[in-house]
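Please look over the structure shown here before reading the report.

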Number of protein chains: 2
Amino acid sequence: MQVQVFNPAQVIAGRRTCMAELALGVFVPGFSMTFSRNEEIFGEEEAAEFVYKVLSGVVRTTRLLDDGRRQIVAFHMPGDVFGLEVGPTHRFSAEAVGCCELALVRRTVLDKTTQNDPAAWRAVWTLTALDLERMQDHMVLLGRKTAAEKVEAFLADMSARAPASDGVELPMSRTDIADYLGLTIETVSRILSQMEREHRIARATSRHVVLCDRRLLQAAA
Amino acid sequence: MQVQVFNPAQVIAGRRTCMAELALGVFVPGFSMTFSRNEEIFGEEEAAEFVYKVLSGVVRTTRLLDDGRRQIVAFHMPGDVFGLEVGPTHRFSAEAVGCCELALVRRTVLDKTTQNDPAAWRAVWTLTALDLERMQDHMVLLGRKTAAEKVEAFLADMSARAPASDGVELPMSRTDIADYLGLTIETVSRILSQMEREHRIARATSRHVVLCDRRLLQAAA
DNA sequence: CGTTGCATTGAAATCCCTCAAGCGAGGTGG
DNA sequence: CCACCTCGCTTGAGGGATTTCAATGCAACG
């Protein structure tokens with residue numbers, strides 16, 4: 001997949017300043033930016049200068065192996081914060097799944113905010129800890145679930161996080177889904193087709209899925 | 001596997017009070033306890049009353065699926081902290097891999113410490129964030145690596161975290177290794193045998209492995 | 001010396017991947 | 001407006017990595 005590269009230094013001119021509520025009750029000055037489809041937000045090993053919050057659209061964070069194998073570590077939906085690191089550099093890359101708008105906050109600014117504010121620290125910790133919980137759940141999926149179970153869990157999760165008026169609108173490609181679930185695009189496609197044959201889902205378009213199965217809907221709630 | 005159950009309320013009598021350095025520079029009053037092989041430290045859904053630090057031995061945290069499939073989320077080595085939750089309950093169970101000694105700190109005591117101390121909060125956040133980093137690395141392994149790569153990565157990791165005088169002393173069973181790597185015991189065993197045939201490792205006993213391969217040793221460092 | 005638990009090994013089966021082709025929507029240029 | 005291309009998705013056939021099932025080995029222990 002072709003990925004455009006974004007260099008923050010060049011684009012600062014196009015920023016719009018704003019106050020971002022990074023976590024519950026923690027407001028910090030930052031600015032917002034838009035990214036187009038597949039545009040790189042930051043890359044692996046890059047200096048972690050900013051913390052990001054999704055205002056609209058979806059972001060994926062990914063890890064690449066030398067031979068091209070890719071694992072999507074997370075999808076970030078509106079309201080989600082990402083890019084906060086312990087060390088000085090990012091440990092994976094982030095790209096816009098579709099066109100999206102982000103709030104950027106300088107790491108140094110965030111540090112200054114939390115320096116004397118335990119409540120702000122608790123809020124930041126909660127963000128990270130909730131992220132950790134999500135990762136742990138996903139590890140069980142990656143390590144111990146079958147392809148069918150993976151896709152079902154994914155649909156249920158997306159249905160909960162990005163509900164459309166009628167069913168789920170999947171913002172990402174089959175390749176993204178596969179790299180998130182540890183599968184191939186073909187397997188994802190086949191399982192969706194089979195679920196449709198069994199009337200457990202219906203498809204308006206390839207990206208718009210309606211959940212019909214009782215169990216799926218329950219898992220989504 | 002048979003798992004004994006531990007009920008903290010019954011055992012408080014046997015505790016020894018101590019000051020635990022939960023995170024760098026953060027000392028809190030707690031007490032220490034010992035657990036025997038396969039003894040349950042806490043269970044899924046249980047109230048998260050304590051935070052734990054490994055003093056000696058190894059602990060595994062696991063998630064169980066209804067049909068018995070198991071995923072080991074992490075192994076905790078001496079110095080590691082585990083059991084700290086956002087919500088009121090534990091999200092997985094923890095068991096002693098072998099006989100081990102833990103420091104227990106009441107969650108309420110930790111909360112009181114961090115309440116007015118941003119530095120303590122930063123330390124706690126760092127613990128959680130480093131945990132998150134480890135989980136993210138492990139997700140790539142689970143989702144995108146072959147069985148051979150998984151075992152190699154595991155040996156390298158254990159070699160770095162639990163180095164023996166000569167090679168690696170694996171404290172956990174093949175079942176534990178398999179459930180950590182998303183494989184079966186048979187596959188783990190076969191790959192170790194194959195690595196031995198190729199003189200990439202040597203085995204003193206089934207639990208004591210010596211790394212011979214250049215690449216493995218490099219990965220361990 | 002039998003039992004028990006853990007580890008290894010083999011043979012067969014299965015799930016998922018790889019390779020390859022076809023399909024359909026959307027965009028571009030003649 | 002239609003031919004043509006591209007890109008993402010689907011489908012099929014075959015193969016391979018890993019699991020499953022089953023048996024054996026081996027060390028510790030009573």
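The report below goes through a predicted model, one topic at a time.

## The surface near DNA strand D

There are 17 residues around DNA strand D, and the nearest are A:Arg174, A:Arg190, A:Ser193, A:Arg203 and B:Thr187. Of the atoms of DNA strand D that come within 4 Å of the protein, sugar and phosphate make up 62%. Sorted by class, this surface holds seven charged, eight polar and two nonpolar residues.

Some of the contacts can be described atom by atom. A:Arg174 has a polar side-chain atom 2.7 Å from a phosphate oxygen of DNA strand D. B:Ala147 also lies by a phosphate oxygen of this strand, but through a backbone N or O atom, at 2.8 Å. With B:Glu186 the partner is a base nitrogen of DNA strand D, which is 3.0 Å from an N or O atom in the side chain. Two elements give two or more residues each to this surface: helix H6 (185-197) of chain A and helix H6 (185-197) of chain B. The largest share, four residues, belongs to H6(A).

## A four-stranded sheet in chain A

Strands of a sheet pair through backbone hydrogen bonds, and the pairing may be parallel or antiparallel. In chain A, an open sheet of four strands is antiparallel and has the order E10-E11-E13-E12. Its edge strands, each paired on one side only, are strand E10 (163-164) and strand E12 (201-205) of chain A.

Inside this order, strand E11 (residues 167-169) and strand E13 (residues 208-211) of chain A run antiparallel and are joined by two bridges. A:Val168 has A:Val209 in E13(A) as its bridge partner.

## A buried residue in a loop

Is B:Asn38 buried or exposed? B:Asn38 counts as buried because its relative accessibility is 11%, and the cut-off for buried is under 20%.

B:Asn38 is part of the loop between strand E2 (26-35) and strand E3 (40-42) of chain B. The side chain of B:Asn38 is in polar contact with the side chain of B:Arg60, at 3.1 Å.

## The largest pocket

Rolling a probe the size of a water molecule over the atoms shows where empty space is left. The largest pocket contains about 1000 Å³ of space. It is lined by 33 residues, and those closest to its centre are B:Leu141, B:Lys145, B:Ala153, B:Ala156 and B:Ala219. By class, the lining consists of 17 nonpolar, 15 charged and one polar residue.

Which elements each supply at least two residues of this lining? They are strand E5 (59-64) of chain A and, from chain B, strand E6 (70-76), helix H3 (118-144), helix H4 (147-161) and helix H7 (214-220). H4(B) provides the largest share of the lining, with eight residues.

## The second largest pocket

The second largest pocket has a volume of about 890 Å³. Its lining is made of 28 residues, and A:Asp137, A:Leu141, A:Lys145, A:Ala153 and A:Ala219 lie nearest its centre. The classes in this lining are 14 charged, eleven nonpolar and three polar residues.

At least two residues of the lining come from each of helix H3 (118-144), helix H4 (147-161), helix H5 (174-181) and helix H7 (214-220) of chain A, and from strand E5 (59-64) of chain B. The largest share, six residues, is that of H4(A).

Methods. Residues numbered from 1 in each chain as written. Chains lettered and ligands numbered in written order. Predicted model: local features only at pLDDT ≥ 70, side-chain atom pairs only at ≥ 80, totals over all residues. Heavy atoms only, no water. Near = heavy atom within 4 Å. Polar contact = N/O pair within 3.5 Å; in protein donor to acceptor, adjacent residues only side chain to side chain. Nonpolar A, V, L, I, M, F, W, Y, C, P; charged D, E, K, R; others polar. Pairing = 2+ DSSP bridges. Buried < 20%, exposed > 50% of the residue type's maximum accessible area, 1.4 Å probe, protein only. 1 Å grid on protein atoms, 1.4 Å probe; cavity = no way out; pocket = protein on both sides within 12 Å on 5 of 7 lines; lining within 4 Å. Points joined across faces, edges and corners; volume = space filled by probe spheres on them.
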